[in-house]
Amino acid sequence: MIIGTLLCAAAAQAQAVPTIVSITHSGPVPGTPTITGQIQCTSNNVMLTSYYQKQIASGWGPTTYIDRFYCKPPANTGAVITVTKSKPFIPVSPGEKFRFMVQQGGAMSPWVVYQF
């Protein structure tokens, strides 16, 4: 019975992985644009933390914190909640690639690559 309970708990945690649906930017490139991400999560009012990595010659640079925010939709939208979050970013140049990820507790979304 304990194994079944643990398997159910593990399955529930696996379903709680947030997803980045899209990333866009506005503002100057080269310059300091604002990035906007549309994120899906499966629980209302959970804390999400966002990160990025910059592409460098040897792969990807260090994981860098962007922001912490709640997955809190403007209205009750059902089991899957989609939120949009914008944040001023760092100075970028045309063609630079970054990848973005959001984390909910121990669950991390897949990385999403974006080119400016």
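**Exercise 1. Decide whether asparagine 45 is buried, partly exposed or exposed in this predicted model, and describe its backbone.**

Step 1. The relative accessible area of asparagine 45 is 40%, and the class of partly exposed lies between the limits of 20% and 50%, so asparagine 45 is partly exposed.

Step 2. The residue to be placed, asparagine 45, sits in the loop between β2 and β3, the latter strand covering 46–56.

Step 3. The phi angle of asparagine 45 is positive, at about 70 degrees, although the residue is not a glycine. Most residues other than glycine have a negative phi, and most peptide bonds are trans.

Step 4. A further backbone feature is the cis peptide bond that joins valine 29 and proline 30, with omega at about 10 degrees; proline 30 lies in the loop between β1 (19–26) and β2.

**Exercise 2. Find the disulfide in the structure, and work out its handedness and the burial of its two cysteines.**

Step 1. A search of the whole structure yields one disulfide, formed by cysteine 41 and cysteine 71, whose sulfur atoms are 1.6 Å apart.

Step 2. This pair links distant parts of the chain, since cysteine 41 belongs to strand β2 (residues 34–41) and cysteine 71 to strand β5 (residues 64–71), 30 residues apart.

Step 3. The torsion about the S-S bond of cysteine 41 and cysteine 71 is about -75 degrees, and therefore the disulfide is left-handed.

Step 4. Buried means under 20% relative accessible area; cysteine 41, at 1%, is therefore buried, and cysteine 71, at 0%, also counts as buried.

**Exercise 3. Trace how strand β2 pairs with other strands, and then follow isoleucine 39 into the nonpolar core.**

Step 1. The protein chain holds one helix and nine strands, and the order from the N terminus on is α-β-β-β-β-β-β-β-β-β.

Step 2. Strands β1 and β2 run antiparallel and are joined by seven bridges; threonine 24 has threonine 36 in β2 as its bridge partner.

Step 3. Strand β2 also pairs in the antiparallel sense with strand β6 (residues 81–88), over eight bridges, and here isoleucine 39 stands opposite valine 83 in β6.

Step 4. The largest nonpolar core has 20 residues, and those that touch the most other members are Ile39, Cys71, Phe89, Phe98, Phe100 and Phe116. The elements that give two or more residues to this core are β1, β2, β3, β5, β6 and β7 (97–104).

Step 5. Leaving aside residues up to four places away in sequence, isoleucine 39 touches several residues, including Ile20, Leu48, Phe69, Val83 and Val102.

**Exercise 4. Locate the two salt bridges, and classify the accessibility of each partner.**

Step 1. The count comes to two salt bridges. In one of them, glutamate 96 pairs with lysine 54, the closest N and O atoms being 2.8 Å apart. Glutamate 96 lies in the loop between β6 and β7 and lysine 54 in strand β3, so that the pair, 42 residues apart, links distant parts of the chain.

Step 2. Glutamate 96 counts as buried at 19% relative accessibility, whereas lysine 54, with a relative accessible area of 32%, is partly exposed.

Step 3. Another salt bridge brings together the side chains of lysine 85 and aspartate 67, at 3.5 Å from N to O. Lysine 85 in strand β6 and aspartate 67 in strand β5 are 18 residues apart.

Step 4. Lysine 85 counts as partly exposed at 30% relative accessibility, whereas aspartate 67 is buried, with a relative accessible area of 12%.

Note on methods:
Residues numbered from 1 in each chain as written. Predicted model: local features only at pLDDT ≥ 70, side-chain atom pairs only at ≥ 80, totals over all residues. Heavy atoms only, no water. Disulfide = S-S within 2.5 Å. Helix = DSSP H or I, 4+ residues; strand = E, 2+ residues; numbered from the N terminus. Buried < 20%, exposed > 50% of the residue type's maximum accessible area, 1.4 Å probe, protein only. Pairing = 2+ DSSP bridges. Core = buried A, V, L, I, M, F, W, Y, C linked by side-chain atoms within 4.5 Å. Contact = heavy atoms within 4.5 Å. Salt bridge = Lys/Arg side-chain N within 4 Å of Asp/Glu carboxyl O.
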